[in-house]
Amino acid sequence: MKVLGVNALFHDPAAAVVVDGVTVAAAEEERFSRRKHGHRPVPFAAWELPEQAARWCLDRAGLEIGDLDAVTYSFDPALARPAESLGLNDPWDHLRQTYAREAPGFLSTALPGLDPGQVRFVAHHAAHAGSAALASPHPDADVLVLDGRGECASHLAGTYAGGRLTVHAAQQLPHSLGLLYEELTEHLGFLRSSDEYKVMALASYGEPRFLDELRGLVRADGAGGFVAGRVDWPSLVKGLEPGEDWTPEHADLAASVQRRLEEVMLDLARWLRDRSQGTRLTLAGGVALNCVANTRLHEESGYDEVWVQPAAGDAGTALGGALHVAAAAGEDLQPMGGADLGREWSDDEIVETLRLAQVPRCLAADGMVAWFQGRSEYGPRALGHRSLLANPGNAANLERLNDVKGREQFRPVAPMVLAGRAAEIFARGPLPSPYMLFVHDVAPDWRERIPAVVHVDGTARVQTVDPVDEPLMAAVLEAFDRLTGLPVLVNTSLNTAGRPMVDDPRDALECFGSAPVSMLAIGPCLVRRPGW
Ligand SMILES: [Fe+2]
């Protein structure tokens, strides 16, 4: 069975192709359109379809549009209700519902040859759930979905068994942990539905001294769902304008909401585990990009394993919708092999020289390397395919990278580490951690050795690099280790302020041209700035 999955309506338009149960390709439209997140999550932009991503996915799979058996759309207008009846103040929401209802026609216009009769609406949270359990190594698993909103809900707790989803609980709007976190993001002067990870970073600078107020407003209800009452943000801390400097009070507010989110997520996960008696938990929905909360679930929820879909945000519903429909049709599904489901400009000569000599030497001498190799990543993290690399041994590199990327100085950068060496340096979070979705404690004797990647609270968000899965990146790490004694590199995404990650070679050249980066390692070529 050949299924094209499409996500379009809220955030992060994306497409994916699943053929005979195998995930062949998946990509976000922003990587093609060069507009971060594709479009703003506002109703009047909801028409924008992932046209280029869908065409590319079909090409990659060697399919014509006429070969498809089904096209999924990860929102079911039959489940939607007027915004006012959901308690939402969103006067244009009906536009979304109109666009969703007309999606089959729009898709057949955008992708000529597509039969509108093949489009199947998949409930938004069923699509998220599919992206978690059905893409994971063990598809029979519990699944917890938490996001801003779907048709009428913001949460789903369920169990997949034999490709069928049983829903145990679903929290109805307006209660939403995702919207709560988005509101805080906006209150702190950041871009909502985009910059939530900045709030998580800011939280580690604060003390959760507003926790009591939040515990009164936001709590699990004992029946699998939760209450998220309206928070009067200005009464807690004055809001910030975009770009305005934050104070310790703002960090305290971020810390309080972050802590409360973790507590409620733990309650929800424990309820689900009690209900299902399951041992494996899978997560999706934008809230599941919260590494700190995920790590607490790993440690404290009682599940033996926690697996998080790397494209946990709405982009992942393209894949999850396709998997959900394939599973319902009885297809035997293969777990996704990795997050590298996007475009590549590979070249067999690539591996040989490059970099194995020049790149580690440049990094050891405190140069910064723009790294463009293989297929681009699905999900928001650069995982060694579209990355900016630097030496973690020099504390000043954090500031340099934030300067290059035009980011706030409180933002951390993350380490990548050879998988075989991870356990001696990083503790507490799960290992291996190939998708950078958990935080780990940095061993005390390593904190001074890799200061650029150690967060203020002694943690780091680690990506482990396995030589079997990522031979080229692992070879660079090994060579860097030989030169410096550090099996760790700084890895941040290859983009500049406010722009999506670099995807094609032209983007890479533009980024190299506009940022003070020492080298660009692109395919088999090495572009060097004078002096390097
Ligand atoms: Fe969602």
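This is a short selection-by-selection tour of the structure above.

Before you start clicking, note that this is a predicted model, in which local features need pLDDT of at least 70 and side-chain atom pairs count only at pLDDT 80 or more, while totals for chains, interfaces and linings use all residues. Residues are numbered from 1 along each chain as its sequence is written, and side-chain values use heavy atoms, with hydrogens and water left out.

**Stop 1: R34**

Select R34, in the loop between α1 (30–33) and α2 (51–61). Helices here are DSSP runs of H or I with at least four residues, strands are runs of E with at least two, and both are numbered from the N terminus. R34 has 18% relative accessibility and therefore counts as buried (buried is under 20% relative accessible area, exposed over 50%, partly exposed in between, with a 1.4 Å probe and protein chains only).

Now show what surrounds the residue. Setting aside residues up to four places away in sequence, R34 touches R499, P500, M501, V502, D503 and D507; contact means heavy atoms within 4.5 Å. Zoom in on P500: its backbone oxygen lies 3.3 Å from a polar atom of the R34 side chain.

**Stop 2: helix α2**

Move on to E51, which sits in helix α2. With 32% relative accessibility, E51 counts as partly exposed. Residues up to four places away in sequence aside, E51 touches E29, A110 and L111. Draw a C-alpha to C-alpha distance to L107 as well: the two are 56 residues apart in sequence and 8.4 Å apart in space.

Which residues of α2 are buried? Colour A53, A54, W56, C57 and L58 to see them. Their cover includes β1 (2–7), β2 (14–19), β3 (22–28) and α1. Just after the helix, look for G62, which takes a positive phi of about 70°.

**Stop 3: P104**

Next, pick P104 in helix α4 (residues 103–110). This proline counts as buried because its relative accessibility is 14%. Leaving out neighbours within four places in sequence, P104 is in contact with P116, V119 and F121. For a sense of span, P104 and R35 are 69 residues apart in sequence and 24 Å apart in space, C-alpha to C-alpha.

**Stop 4: α6 against α10**

Display helix α6 (residues 177–187) beside α10; their axes are 11 Å apart and the packing angle is about 175°. Axes are lines fitted to C-alpha atoms, for helices over the stretch in contact, and angles run from 0 to 180 degrees between N-to-C directions. That angle makes α6 roughly antiparallel to α10 (under 35 degrees is roughly parallel, over 145 roughly antiparallel, 65 to 115 roughly perpendicular, and the rest oblique). To see the contact, select L177, L180, Y181, L184 and H187 of α6 with L253, A254, V257, Q258, L261, V264 and L268 of α10.

**Stop 5: α10 against α11**

Keep α10 (residues 248–276) on screen and add α11 (residues 291–300), whose axis comes within 9 Å of that of α10 and crosses it at roughly 40°. The pair is therefore oblique. On the α10 side the contact is made by Q258, R259, E262, E263, M265, L266, A269 and R270, and on the α11 side by V292, A293, N294, R296, L297 and E300.

**Last stop: helix α7**

Finish at α7 (residues 196–203), where seven of the eight residues are buried, so the helix is largely enclosed by the rest of the structure. Select E196, K198, V199, M200, A201, L202 and A203 for the buried set. What do the buried residues of α7 pack against? Turn on α6, α10 and α11 to find their partners.

Definitions and conventions. Polar contact = N/O pair within 3.5 Å; in protein donor to acceptor, adjacent residues only side chain to side chain.
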